[in-house]
Amino acid sequence: MDCIFCKIVAGEIPCSKVYEDEKILAFKDINPQAPVHVIFIPKQHILTCADDINDSNKEILGDIFEAISKVAKELGLSDGYRIINNCGKHGAQSVKHIHFHLLGGAQLPEDMGVRE
Ligand code: 5GP
Ligand code: ZN
């Protein structure tokens, strides 16, 4: 499958790994939007975005959020952070392998609305 994140999981594209277990991989975003910007993905390409979540695959989401919480603590994000899942065209999703952005390390803007 022609998927950048599957290639990262397969080791075909290098990444700066932050966390890994049997189901999840987390790595630094190549184009960071905050001092800490880490991407969390399920290693298996089972979901494109939040639209695909159902009873048979939703367990991985809890696993990912647990991993995010663990990594946020390890990285010292005690003042908080933001978790983002971009879904589809209006969500400006560019990689069609479900992923969650962990952003932190500085005060993030309150505004998450429509760009003028
Ligand atoms: P999206 O816009 O789909 O929510 O997020 C995709 C993210 O993947 C972007 O923030 C982009 O910078 C990141 N990204 C795209 N290609 C690569 C890559 O080859 N390596 C890494 N580490 N991040 C990537
Ligand atoms: Zn993939």
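Cys 87 lies in the loop between strand 4 and strand 5, where strands (E, at least two residues) and helices (H or I, at least four) are DSSP runs numbered from the N terminus. The structure is a predicted model, in which local features need pLDDT of at least 70 and side-chain atom pairs count only at pLDDT 80 or more, while totals for chains, interfaces and linings use all residues. Residues are numbered from 1 along each chain as its sequence is written, chains are lettered from A and ligands numbered from 1 in the order in which they are written, and side-chain values use heavy atoms, with hydrogens and water left out.

At 25% relative accessibility, Cys 87 counts as partly exposed; buried means under 20% relative accessible area, exposed over 50%, and partly exposed in between (1.4 Å probe, protein chains only). From C-alpha to C-alpha, Cys 87 and His 99 are 9.4 Å apart in space, with a separation of 12 residues in sequence.

His 99 also belongs to the surroundings of ligand 1. Of the 16 residues around this ligand, Asp 29, Asn 86, Ser 94, His 99 and His 101 come nearest; a residue is near a molecule if one of its heavy atoms lies within 4 Å of it. By class, the shell has 8 nonpolar, 6 polar and 2 charged residues, with Ala, Val, Leu, Ile, Met, Phe, Trp, Tyr, Cys and Pro counted as nonpolar, Asp, Glu, Lys and Arg as charged, and the others, Gly among them, as polar. Helix 1 (4-10) and strand 2 (24-28) each supply at least two residues of the shell, and the largest share, 3 residues, comes from helix 1.

Polar contacts (pairs of N or O atoms within 3.5 Å; within protein, one atom must be able to donate a hydrogen and the other to accept it, and residues adjacent in sequence count only if both atoms are side-chain atoms) link ligand 1 to several residues, including Asp 29, whose side chain has an N or O atom 2.5 Å from an oxygen atom of the ligand. A polar side-chain atom of His 99 is 2.8 Å from a ligand oxygen atom. The backbone of Lys 28 places an N or O atom 2.9 Å from a nitrogen atom of ligand 1. Taken alone, ligand 1 exposes 520 Å², of which the protein buries 83%; these areas come from the Shrake-Rupley method with a 1.4 Å probe.

Other residues of the loop between strand 4 (81-84) and strand 5 (100-104) include Ala 92 and His 97. Ala 92 is exposed, with a relative accessible area of 56%, whereas His 97 is buried, at 0%. The side chain of His 97 reaches the backbone oxygen of Pro 42 at 2.8 Å. Ala 92 has a positive phi of about 60° although it is not a glycine. Most residues other than glycine have a negative phi.

The loop between strand 3 (36-42) and helix 2 (59-74) holds Asn 57 and Gln 44. Asn 57 counts as buried because its relative accessibility is 11%, and a polar atom of its side chain lies 3.1 Å from the backbone oxygen of Asp 52. Gln 44 is exposed, with a relative accessible area of 57%. The C-alpha atoms of Gln 44 and Leu 75 are separated by 25 Å, the two residues being 31 apart along the chain.
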